[in-house]
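Please open the model in your viewer and keep the sequence panel beside it. This tour suggests what to select at each stop and then says what is there.

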Amino acid sequence: MDYDFCGAEAFSTRKNEEVPFAVILPKQTHSDRVVAVKSADIDMSVLDGVDALVTNVPMLGIGVKTADCVPILLCDEVRGAVAAIHSGWRGTVGRIAQKAIAVMMREYGTNPQDLKAIVGPSIGVDNFQVGPEVVEEFRQAGFPMQRVHRNDGERVADSMRGGDHLDLWQANVWLLEECGVKPDNINVCGICTYDHHETFYSARHDGNRMTDRIINGIRLL
């Protein structure tokens, strides 16, 4: 699926879909590390343990892999810079989206108010059932719990019903807004990978041992 940006093109692949252009991908580890990519011949060892990339090089594709975690694609249409962010619950707690924006501000002079953001296909709140220890990490990290957490009562065995649920979409929207990104510039695609596992990869539905992932990419034109 393609996304509309002014001055950039971006996508998230469906199952078995070819990428429309080549992208540099980091070796993700659910970290909060961000790397600025300055050329296509980057030393790939620099990308070990990295979960977000930024660049201002035209036609240089950057991306991240996901399968329930949240992909965030950013475009600074004024300064000419883009970002690709992998934000699972650990990355979200670690505020990786805000750290990527901070790198864009430092490297390219980005004003967060100029940013356009896409929150791509990822697990929705109905299916992101977590334990109380994960809820506590979000609480300790200062997230607005009334916005990102709900408790559905007693858990139902072998299902996503009941228990604690976290809304990673809203958690990341909040992080973007806290940086100064305008709410009208944030587009949550609203596709839950668990519900749409026949079209998109879902680690929770298909099993964590699967090797395939959604590729989410962006490049400046």
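Two strands are said to pair if DSSP finds at least two bridges between them, and the strands themselves (E, at least two residues), like the helices (H or I, at least four), are DSSP runs numbered from the N terminus. With that in hand, look at the open sheet of four strands in the order S1-S2-S13-S5, in which the pairing is antiparallel. Its edge strands are S1 (2-4) and S5 (62-66), and each of them pairs on one side only. From one strand to the next the twist averages 15°, where axes are lines fitted to C-alpha atoms (for helices over the stretch in contact) and angles run from 0 to 180 degrees between N-to-C directions.

Before going further, note that this is a predicted model, in which local features need pLDDT of at least 70 and side-chain atom pairs count only at pLDDT 80 or more, while totals for chains, interfaces and linings use all residues. Residues are numbered from 1 along each chain as its sequence is written, and side-chain values use heavy atoms, with hydrogens and water left out.

**The whole chain**

Zoom out, and you should find six helices and 13 strands in the chain. The radius of gyration is 17 Å, close to the 17 Å that the globule rule gives for 221 residues, so the chain is as compact as a globular protein of that length; the radius is taken over C-alpha atoms, and the rule is 2.2 Å times the number of residues to the power 0.38. Along its principal axes, the C-alpha trace spans about 50 × 35 × 30 Å. Of the 221 residues, 54% are buried, a word that means under 20% relative accessible area, with exposed meaning over 50% and partly exposed in between (1.4 Å probe, protein chains only).

**Strands S5 and S13**

Return to the four-stranded sheet and select S5 together with S13 (residues 214-220), which run antiparallel and are joined by five bridges. Within this pair, the bridge partner of Gly-63 is Gly-217 in S13.

**Strand S7 and its partners**

Which residues of S7 point one way, and which the other way? Ala-81, Ala-83, Ile-85 and Ser-87 point to one side, whereas Val-82, Ala-84 and His-86 point to the other, and all are buried. Since seven of the seven residues of S7 (residues 81-87) are buried, this strand is largely enclosed by the rest of the structure.

Now add strand S4 (residues 52-55), which runs antiparallel to S7 and is joined to it by four bridges, with Leu-53 having Ala-84 as its bridge partner. Strand S6 (residues 70-76) is also antiparallel to S7, and seven bridges join these two, one of which has Asp-76 as the partner of Ala-81. The hairpin of S6 and S7 has four residues between the strands, and there Gly-80 takes a positive phi near 75°.

**The nonpolar cores**

Next, display side chains. A nonpolar core is a set of buried Ala, Val, Leu, Ile, Met, Phe, Trp, Tyr and Cys residues joined through side-chain atoms within 4.5 Å. The largest core has 42 residues, and those with the most contacts inside it are Leu-74, Ile-85, Met-104, Phe-138, Phe-143 and Leu-176. A second, separate core of 28 residues includes Ala-10, Leu-47, Ile-62 and Leu-73.

Select Phe-143 and look for its contacts, meaning heavy atoms within 4.5 Å. Leaving aside neighbours within four places in sequence, Phe-143 is in contact with residues including Thr-92, Val-93, Phe-138 and Trp-174.

**The three-stranded sheet**

Move on to an open sheet of three strands in the order S9-S11-S10, with antiparallel pairing. Strands S9 (129-130) and S10 (149-151) stand at its edges with a single partner strand each, so one side of each is left without a neighbour in the sheet. S10 pairs with S11 (residues 164-166) over three bridges, and Asn-151 stands opposite Asp-164 in S11. Helix H3 (residues 132-140) packs on this sheet, touching S9, S10 and S11, and its direction makes about 45° with that of S11.

**Gln-98 and Cys-179**

Finally, select Gln-98, which is found in helix H2 (residues 96-108) and is buried, with a relative accessible area of 15%. Not counting residues up to four places away in sequence, Gln-98 touches Leu-175, Glu-178 and Cys-179.

Why is Cys-179 without a bond to Cys-75? The closest cysteine sulfur to that of Cys-179 is in Cys-75 and lies 16 Å away, which is too far for a bond, given that a disulfide is a pair of cysteine sulfur atoms within 2.5 Å. By this rule the count comes to zero disulfides.
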